[in-house]
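Welcome! Let us walk through this structure together, one part at a time.

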There are 2 protein chains.
Amino acid sequence: MKKKTTIYDIAEKLGITAATVSRALNNNSKISETTKKLVLKTAVEMNYEQNKLALALKSGKSYNVGVVVPRIDMNFFGSIIRAIEDELAPKGYHIIICQTHGDESKENESIDTLLNAQVDGILISSSNKEIEPFNRVLAKNIPLVFFDRKKTMKGVSSVVIDDFEGGYNATLHLIKQGYTRIAHLSGNRSIEIYKNRYLGYKQALIDNGLEFNEDYVIQTSSDRISGSNSLKSLLKLNPAPNAIFSASDLAALGAIQELKLKHIKVPNEFAVVGFSNEPFTKFMELSISTVDQSPLEMGKIAAQVFLEQVASTTDEKIEKNIVLPTELIIRKSSALVD
Amino acid sequence: MKKKTTIYDIAEKLGITAATVSRALNNNSKISETTKKLVLKTAVEMNYEQNKLALALKSGKSYNVGVVVPRIDMNFFGSIIRAIEDELAPKGYHIIICQTHGDESKENESIDTLLNAQVDGILISSSNKEIEPFNRVLAKNIPLVFFDRKKTMKGVSSVVIDDFEGGYNATLHLIKQGYTRIAHLSGNRSIEIYKNRYLGYKQALIDNGLEFNEDYVIQTSSDRISGSNSLKSLLKLNPAPNAIFSASDLAALGAIQELKLKHIKVPNEFAVVGFSNEPFTKFMELSISTVDQSPLEMGKIAAQVFLEQVASTTDEKIEKNIVLPTELIIRKSSALVD
DNA sequence: CTGTTAGCGCATTCAC
DNA sequence: GTGAATGCGCTAACAG
């Protein structure tokens, strides 16, 4: 078991003291060129690497930030994390990943364990109903940034997309294309993002003189099966809808596949718009219209907000609530050809 | 600026010593029930949380492991990391993510910075040509596990898929379907995984009495444009191939889209098999045959190998070289209907 | 059962 | 310019 070399080892070898070695390594205060070079040289010789743990303990900065997401293998979150890492790595920060799988207790656990690990900040897409865990973060005075799924808290920053606008524009697009009976596959509306997409949908109908029909809104989880099941239910209605705005791309896909089985032509007889701009929506032969959430932008900005926060010398917390615009991407599943 | 409460704070408040508090918190040796309960109670009252950094510095275990991948927003790597996190989190380990973007110097940087951070292990999918950086890891005696893209080193474990078998079976499938002029969109064959897929392809041709034609092998990067360009080149050959085994799903997709533009029927006139089982391959209307790499399995096993390594008390390194079987997934792009 | 001491590796203050 | 001493927060060894 080889021991790691410390500054004491190299100090001893050189017959000097650890403090001098430290100074040489950080080329801080006044130190003679000769000893400095000597130290640097023997440092590499002895394969020395600084123990950031000791530094962290001393300075109180770990240069680690925790990132908490439901799942990392969803393209949306993967992209956000990618952007966060790209932004923070050059500044010397490491990213510690926690997955909650949408489970509240796991999320609370993650927060605790990150606090224990002395992270310098927490960036989180929260599935939490409580705000108590976040109060604990604030009490410890460590920066907290919400992204995508936020909690509204004084002094806490957030970066989200305008889900209302996204839902509104998607629905408006369908209306302008001439569809009049537009249904909505909604997510769980106790989660803010899904509530807002739903509200945007509803408002677009109202603003354009279309009747809002409660039966046309079906809570659907983000998978193909749910999407196709929801479509089946919708088709049983009288009158049946002739378009869907789905709060999730996968549900939209399921609906489209079901439409195909029923030989209903998309988009001529029935249009579909999804949400998230998952990669597959672009690749389909019948490409799927969707709402882009610019995850890279979101991650980048969340990281920047965090950096501002740690850089700020004032004790007062800066609260930034950034709302990114969405972009409606019109593809074949809703683009009527004249 | 609120200070974090330490065991000294709670010791002082109780008029006892820090050591006692520590013992109470870890309910280790013999300690009176009364003081223990008292300590525990005031600990929550004072909102105490253990500083793992100090513990790490003392014990030499940080309970952090570094995971290094090219990019985290690729489904394959995202899934691997998901599995690693799921496996390691219950054991108290945190995952630190580093992205290399396939850049060798960034990879070396990542390794250094992880070593500095005193990680307990490094799990890496390496884009590196050198093995020197890994020698530094071994010199520090910290467990190293390669996944997907390995380096062959004595005493170092790895978890990879059988790329040769994957390439072989994909090609064999095309042969059995009756295609005789089978081309290969290869990745950069200086990387082992691409070399092995290529070798599997070649061997399948040879074993089945088909001529191996150098012109039928085109180095193609993993994107749609490259795929469609490669297809164009292939069609200029005389005789042109009538099937492709592509080492990447995206290149396969590009080829298929190009075939469609040229009104060449897939799979009747031309078959395509990709590699990786990216989500979109399943969702396409013309679903794409591909080779599954079981990323979840790979991540899980890599994590388990790491855990075995840290658990092992013996000084000698355990070397496990695990090769996971691939699974050929036959879909419409290569399934001739009789 | 509990207090005392020491050390993990480093940077920093105060002397010289 | 360099050495000596100190503390970051915690645990483990040794006393009592």
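Which side chain has an N or O atom 3.0 Å from a base nitrogen of DNA strand D? The residue is Tyr8(B). Keep in mind as you look that this is a predicted model.

Other contacts reach the phosphates of the DNA. In chain A, Thr20(A) places a polar side-chain atom 2.3 Å from a phosphate oxygen of DNA strand D. In chain B, Asn51(B) uses a backbone N or O atom, which lies 3.4 Å from a phosphate oxygen of that strand. Several helices supply two or more residues each to the surface near DNA strand D: α2 (18-25) and α4 (52-59) of chain A, and α1 (7-14), α2 (18-25) and α4 (52-59) of chain B.

Now take in the whole surroundings of the strand. DNA strand D is surrounded by 25 residues, and among the closest are Lys58(A), Ser22(B) and Tyr48(B). By type, the residues of this surface are 9 nonpolar, 10 polar and 6 charged. On the DNA side, 62% of the strand D atoms within 4 Å of the protein belong to sugar or phosphate, and the rest to bases.

Next, turn to the sheet in chain B. Four strands form an open sheet in the order β7-β6-β8-β9, with parallel pairing. Because β7 (217-219) and β9 (271-273) of chain B each have a single partner strand, they stand at the edges, with one side left without a neighbour in the sheet. From one strand to the next, the twist averages 15 degrees.

Within the sheet, β6 (residues 182-186) and β8 (residues 243-246) of chain B run parallel and are joined by 4 bridges. One bridge partnership pairs His184(B) with Phe245(B) in β8(B). Finally, helix α10 (residues 224-235) of chain B lies across β6, β7 and β8, running at about 145 degrees to β6(B).

Technical notes:
Residues numbered from 1 in each chain as written. Chains lettered and ligands numbered in written order. Predicted model: local features only at pLDDT ≥ 70, side-chain atom pairs only at ≥ 80, totals over all residues. Heavy atoms only, no water. Pairing = 2+ DSSP bridges. Axes fitted to C-alpha atoms, helices over the stretch in contact; angles between N-to-C directions. Contact = heavy atoms within 4.5 Å. Near = heavy atom within 4 Å. Polar contact = N/O pair within 3.5 Å; in protein donor to acceptor, adjacent residues only side chain to side chain. Nonpolar A, V, L, I, M, F, W, Y, C, P; charged D, E, K, R; others polar.
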